[in-house]
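This briefing is for a reader who is new to the structure. Please look at the sequence and the model before reading on.

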Amino acid sequence: MYKIVGIINYIVVIFLNAFTDLGHKIIIQNTIFKVYDGDMLVVLTAVINALILLPFILIFSPSGFLADRFPKNKIMEYSSVFAIVITLAITYSYYNGLFVVAFIMTFMLALQSAIYGPAKYGYIKELVGEKYISSGNAAIQATTTVAILGGIIFYTVLFEGRYNDTLENEGQILKAIAPIGWLLVASSIIEWFYASKLPNKMKEASTRTFKLKRYLSGAYLKKNMKMITRKREIFDAIIALSLFWSISQVVLAIFGEYAKSNLGVTNTIYVQGVMALAGIGIVVGSVLASKYSKYYINLGLVGLGASGLTVVVFLVPFVDSMVVLAPLFMLFGVFSGFLMVPLNARIQLLSPRVHLGIILAGNNFIQNIFMFTFLALTTVFAYNGMDTEILFYLMGMVGLYLSFMTLKHYFVETFWAKMLIISSLRHKYVYHGLQNVPTDSGALLLCNHVSWLDWIILQLPFKRHLNYMMEKDIYNWPFFHTFFKKGEAIPISSRASKDAFKEAHKRLLDEKLVAIFPEGQISTDGKLTKFRRGYELIPSDYDGSIIPVFIDGVFGSLFSRYKKSSKKYFWKRRVIHVYYGTPISNGTNAQEVREVIQMMKDKYETK
């Protein structure tokens, strides 16, 4: 992906845009932190966040129109020029101690970002294509987070370096830190330079016109909302992201007051530092999400992410040490990356190119309405004296709903994502011949059987569910039964084998993938045993073929029936190779299939 022309410039632009926006917000937020405390601190922090959210709500239709009407690289370039003007005004307000003006400039920077947003994220799909859409989103999410993390640390350290206890009000503090404003200006100028170098990826120019009357009357809003809700999968992803960002905004808005009142922490470096660890976690989570989405957008990570961050939010009020809160916030970030990267990639993938800008602007619109509403409620609760601990519990309840919602949609995918993460701790998987497995028609996968993990190993590179035929006793295992049933496994027993093969035939006619281990048991010596002929009972009138599969490298591991005695193998991370052979006729008998897989074994097996 990084060989694509323009990708490095794009990443630099994304970094500087977030770094500059965050820099001013941190300066204003730290100023408020030094002057105010209690309920007023929570209220003003929430107001700052609200000023950042409002533009995304107000210019939903114009920003989406611009992203679909004009080349996205040009929108980013001109928005960068706008940022230079705004940062110059911000620097002027710092030098003159104009706190209200600086406060309002937070809104103007957010306005620039709102115009910029749909073009910025829509450009990912145009620049890297569908093949790298998960990796592209992971890279941009990680870059944005590193910028936020760097901005928090960089500008907080500079702020604390110029601050002293003799400063009594907002104006005096701004005058003391005023030279920092020139760094904001410099970042904006460099951002503009790199944005001007981005390639134009717009395939076809649009001739749409924007009518102000329709915008003011709400006609565009109604039309664009219908477009967003047309595809249920897109709308569900937007709602899940909106709930996530709402939880995150409230947690970040109340943490400063929580640390100050409950833990007695007054140094902004400590407070911002702990929250910055969430940023490190997002980078880690985004990188892992990209790794686990190598073959397809891994939506199972969404369920894991929602559940994980909910647990973290519930745990925070029980912790009275910043040392313990630090890793908790980092975990919050990891789970956030798990949730954000797949959902953003899914929205972009499912959105038609001609309406991509509108849908991404709508994504921002709905997310920011959610966040604005949550922050407004936070402000009301704080103003009326509600303890921040209770707000953490309330966000935990929202997290429970988000977890329920995502697990409902991605239940089976979540199970497979969990299996992928667990098995990847011990193994590295390398898949060969994936192109031999059809993406939209039926096929029967027949594979050698060397470990308890074989069924997991075969499924991991496929978005489509493999319909496994498995022993009925295993199918009915208490903990796994629900997953096997949801995963469309086919139970088989000696008494009802014909019915099981009839069901397998039905699945193949429905163009599904059916997987069988024809040896019937796990090998104890690594050699191929006799293949059972039961699958021959499946009529060959379906439109598909047999895919011979050979797994190499897992025999002798902890999960096989033969384990090497040397202790060195316990700590060794195995490399497992899986070979999907050339399709053969669906009428091929068991002995012939065994011979094909034996030939694959002789050719590929690691000696």
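The notes below cover a surface patch and a sheet.

The model is predicted. Among its features are a nonpolar surface patch of about 330 Å² and an open sheet formed by seven strands.

**Nonpolar surface patch**

- Four residues make the nonpolar patch: Val81, Ile189, Trp192 and Phe193.
- Helix α8, which covers residues 181-195, gives the most to this patch, with three residues.
- Val81 is placed in helix α4, which runs over residues 72-95.
- Val81 has a relative accessible area of 37% and therefore counts as partly exposed, because that class lies between buried, under 20%, and exposed, over 50%.

**Strand order in the sheet**

- The seven strands of the open sheet follow the order β1-β7-β6-β2-β5-β3-β4, and their pairing is mixed.
- At the edges are β1 (427-432) and β4 (490-492), each of which pairs on one side only.
- From one strand to the next, the twist averages 25°.

**Pairing of β2 and β5**

- Strand β2 (residues 442-447) pairs with strand β5 (residues 513-516) in the parallel sense, over four bridges.
- Ala443 has Leu513, in β5, as its bridge partner.

**Helix on the sheet**

- Helix α23, made of residues 590-604, packs on the sheet.
- The strands touched by helix α23 are β2, β6 (544-552) and β7 (574-580).
- The direction of helix α23 makes about 40° with that of β6.

Notes:
Residues numbered from 1 in each chain as written. Predicted model: local features only at pLDDT ≥ 70, side-chain atom pairs only at ≥ 80, totals over all residues. Heavy atoms only, no water. Patch = residues over 30% accessible without salt bridge, like charges linked within 9 Å, V, L, I, M, F, W, Y side chains within 5 Å. Areas by Shrake-Rupley, 256 points an atom, 1.4 Å probe, with all protein chains shown as cover. Salt bridge = Lys/Arg side-chain N within 4 Å of Asp/Glu carboxyl O. Helix = DSSP H or I, 4+ residues; strand = E, 2+ residues; numbered from the N terminus. Buried < 20%, exposed > 50% of the residue type's maximum accessible area, 1.4 Å probe, protein only. Pairing = 2+ DSSP bridges. Axes fitted to C-alpha atoms, helices over the stretch in contact; angles between N-to-C directions. Contact = heavy atoms within 4.5 Å.
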